[in-house]
Amino acid sequence: MSSTGHSFRPSAALLRGVAAAVLLAGFAAPAAAQSLRIGLAEDPDVLDPHQARTFVGRIVFTALCDKLIDVTPELKFVPRLATSWEWGADGKSLTFKLRDGVKFHDGEPFNAEAVKYNIERAKTLPESRRKSEITSVASVDVVDPLTVRLNLSVADVTVLAQLSDRSGMMVSPKAAAAAGANYGAKPVCSGPYKFAERVQNDRIVLERFADHWNKAAYSFDKITYLPIPDSTVRLANLRSGDLDIIERVEPTDVKIVKGDANLKSAAAVGLGFQSLNINVANGDRSKNPLGQDKRIRQAFELSLDRDAINQVVFEGQFAPGNQPFPPANPYNSKEIPIPARNVDKAKALIKEAGVATPIQVEVTMSNAPRSQAIMQVIQSMAQETGFAIKLKATEFATMLNEGTKGDFQANQYGWSGRPDPDGNIHAFVTCKGGLNDWKYCNPEVDKILDEARTLADPAARKAKYTAATQILLQDLPNIYLYHESWIWGMKKKIDGFVAHPDGMIRLENVKG
Amino acid sequence: MLSFIARRLLIAIPTIILVSIFVFTLQKLLPGDPILVLAGEERDPVVIAALREKYRLNDPLPLQYIAWAWQALHGNLGISLRTNAPVLDLIAEKLPVTLQLAAMAMTFALLIGIPAGVMAAVRKGTAWDYAATGIALWGLSIPNFFLGIMLIFLVSVQFNWLPASGYVSLTESVSQNLRTMIMPAFVLGNALAASMMRHTRSAMLGVLRQDYIRTARAKGLLEPRVILRHALRNALVPVVTVGTLLFGELLAGAVLTEQIFTIPGFGKLIVDAVFNRDYAVVQGVVLCTAIGYIGLNLLADVLYVVLNPRLRTG
């Protein structure tokens, strides 16, 4: 749908040439009109579902690589390449029935053998980033060509959610075996669009896969993803008509999109969270009142007016929160409301703890304008209760490194979120959690969260997560602040787009 | 002349080795661990260990450098940690884009800067001079990123004349290529035109005071001929040298311009690589840039000698 905007006077010879080209190309001519151009906020990394790690990469995979199951905006699992699934009686096996007649882009058949190959590749490829996601899968049995069973080492209901994302994306065994770790240079999957071309930092082009099992639901012939990191430039491209859809519109730019007669916007609160993380036991830098006394952390939380932060910095476009699960998530507990700002109570807690004010706190944050803006608001709010916050802006790679080494007092960053509740909490707060940079450790929390992994009944699981969250909100190693919304901008004629909390751009039934 | 060039080339070799060692060590001093970034949000320890092994990050630094240099001598600059693409391919893909951008920007700079400079010098002290100097001052002071965004809003969003950003290669479509490159080239050439104008103006003023110009006028030559044939030719000598050296500066300016206009060139490649701690790419790109700079300096030296043979032994 990009217009080149040329005006020229065609000569007769040129017209004859064009006519011949159209005849030769057959149906290729209308194809050009049926292309969709999507502006991404970053350039994806390697296009191998087993090696990939970026959020934008997943957006491309949504069109390129079908997965076993998908997840709805309400976070229910629905069939994709698997038509149904069933848990074993002990919760230690998961059997999938597979869709018949599915082909990979190279013509190879999709079947139980292919699933086995994929799971094994995800578990064994040295460069695989999926190992921790499916660590409980011990082996894979091919029951018959269209039935496959995953045998788990422990009961683990979170596997299903992992298979609704990159761990469940199926690559062509033949292509993957031939290319090895270099598979990402020319990915071959079974999604509605196949890989055509990639110019790093410039574009990724996909073309319609004529043999897709659900091809009628996809109306575009060509999808071009263009990474444009600057949000202003991305929006300018949408407004000038060079792009059809853009992701991650800045909350402060929503009014521009709404004010443009040719555009519209869509939004969904994401699956993740943004939090202030306090070093409670990771080395010497945890040895300070904020790290050692939970009353000081509680006082800090009571200094915050989350609603005001959302209004001031994000023009009310995001969702304030105090739990790892966003408000609309089924695992968000309504029994734990967001505490209102209470300066008097905060001061009383500090007095009770016997700590002299102002309490010096250094908060590390990313040098992105957004983090700086929220931390400045928090800085002024906490000042009133007796905290003197020093802000240290650093670039993301450095912040990560300092985090793992324990070289921080508190830091502010977020998590993109997972459809299964376990993915938003377990690794951050369990004693041996891989993302627990603050080294919070409470055996009771560990026990509750480990049990929650084994329960198939959502109500029973929710009770566990609520119990864990209640303890965490007392101990407060993390002060949850807000949940980001995914905001898309698009041309008004784009029809059928569903705003999804996982931030993906699903092209099924999208027209325009 | 040949021995002069050969001598210069010999001096270039240790320079390149020093630059590569410098960049290699400096990168490792950067805070932040590339593997932590590469391991993804989950930071799986098994993945981290495997990646460290694969990219030899557990080896002592000198060993890492020697391994890299040995491969580089054999034409292998390694692969990008981020996308697995060979660094040499990335450079071959991005360098022509930036060179085109720089060449177009230079053309803008010459077309605007030299005539403006000549005019300002010839009409020194008049409104023309002040106007040209004023515009030059504006060009020097307006930041690239600001001018870029403003142009995008005006030319692309308001009038819809040119695409806001992006890139189409010359082989794909020449007209589309020019449509995407003209705005960034103008932005990049703008500041350069300003300094070009200043240099031309002062060189011209110097030349116009010379005796032979007076002689030319005295023998009745028409003023345009005096200015263009006699004065400008001599005034251009320092301008050409400055221009060659500014070409290097252009490559630096391209970093920012490419970011704004999302042009997949050298500048964008290196900025992304630094932020992702993509060591192999940074190393390869810097090596190429160093070689390019050394080449340009050599060119400038050769030009000096051609213009002034007395420098040959110096």
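The expected span of a helix is 1.5 Å times one less than its number of residues. Keep that handy for the first exercise, and bear in mind throughout that this is a predicted model.

**Exercise 1. Take α7(B): how does its reach compare with the expected span, and which of its residues are buried?**

Step 1. Count the residues: α7(B) has 15. The rule takes one less than that number and multiplies by 1.5 Å, giving an expected 21 Å.

Step 2. Now go from the first C-alpha to the last. The helix reaches 20 Å, close to what was expected.

Step 3. Look for burial, which takes 20 or more other C-beta atoms within 10 Å. In α7(B), the residues that pass are B:Leu147, B:Gly148, B:Ile152 and B:Ser156.

Step 4. Check the spacing in that list against helix geometry. An α-helix has 3.6 residues a turn, so residues three or four places apart point the same way.

Step 5. Find the cover. It includes α8 (174-208) and α10 of chain B, and also α7 (231-239) of chain A.

Step 6. Walk off the end of the helix. After α7(B) comes B:Asn160, with a positive phi near 60°.

**Exercise 2. Describe chain B as a whole: how many helices and strands are there, and how much of the chain is buried?**

Step 1. Tally the elements: chain B has 12 helices and 0 strands.

Step 2. Get the dimensions. Along the principal axes, the C-alpha atoms fill a box of roughly 85 × 60 × 35 Å.

Step 3. Work out burial: 36% of the 314 residues of chain B count as buried.

Step 4. Ask how far apart contacting residues sit in sequence. Among contacts in chain B with a separation of 6 or more, 71% come from residues 24 or more positions apart.

**Exercise 3. Which parts of chain B touch chain A, and where does B:Pro31 fit in?**

Step 1. Size up the contact by residue count: 44 residues of chain B meet 40 residues of chain A.

Step 2. Assign the chain B side to helices. At least two residues each come from α2 (34-38), α3 (45-54), α5 (87-122), α7 (144-158), α10 (223-261) and α11 (266-275).

Step 3. Sort that side of chain B by class, and you get 22 nonpolar, 11 polar and 11 charged residues.

Step 4. Zoom in on B:Pro31, in the loop between α1 (2-29) and α2 of chain B. B:Pro31 touches A:Thr398 and A:Asn401.

Step 5. Classify B:Pro31. Its 14 C-beta neighbours inside 10 Å make it partly exposed.

Step 6. Look for a sequence-distant residue: B:Arg277 is 246 residues away along the chain, yet its C-alpha is 9.6 Å from that of B:Pro31.

**Exercise 4. What are the domains of chain A, and what does their contact look like?**

Step 1. Read off the bounds: the assignment gives domain 1 (35-185) and domain 2 (273-483).

Step 2. Their C-alpha centres are 32 Å apart. The contact uses 12 residues from domain 1 of chain A and 13 from domain 2 of chain A.

Step 3. On the domain 1 side, the classes come out as 7 nonpolar, 4 polar and 1 charged.

**Exercise 5. Lay out two sheets of chain A: in what order do the strands run, and which strands are at the edges?**

Step 1. Start with the open sheet of 4 strands. The order is β4-β5-β7-β6, with antiparallel pairing.

Step 2. The edges are β4 (82-87) and β6 (137-144), each with a single partner, so one side of each lacks a neighbour in the sheet. From one strand to the next, the twist averages 20°.

Step 3. Try one pairing inside this sheet: β5 (93-98) and β7 (147-152) of chain A share 5 bridges. A:Thr95 has A:Arg149 as its bridge partner.

Step 4. Add the helix: α4 (112-124) of chain A lies across β5, β6 and β7, at about 170° to β6(A).

Step 5. Move to the open sheet of 6 strands, ordered β14-β18-β13-β17-β15-β16 with mixed pairing. Here the edges are β14 (319-320) and β16 (387-394) of chain A.

Step 6. Check the β14 edge: 2 bridges join β14(A) to β18 (478-483), running antiparallel. A:Pro320 stands opposite A:Tyr482.

Step 7. Finish with α13 (369-383) of chain A, which packs on this sheet and touches β15 (359-366), β16 and β17 (410-415).

Conventions
Residues numbered from 1 in each chain as written. Chains lettered and ligands numbered in written order. Predicted model: local features only at pLDDT ≥ 70, side-chain atom pairs only at ≥ 80, totals over all residues. Domains from an automatic or database assignment. Contact = placed C-beta atoms within 7 Å. Nonpolar A, V, L, I, M, F, W, Y, C, P; charged D, E, K, R; others polar. Buried ≥ 20, exposed ≤ 12 C-beta atoms within 10 Å, placed from the backbone. Pairing = 2+ DSSP bridges. Axes fitted to C-alpha atoms, helices over the stretch in contact; angles between N-to-C directions.
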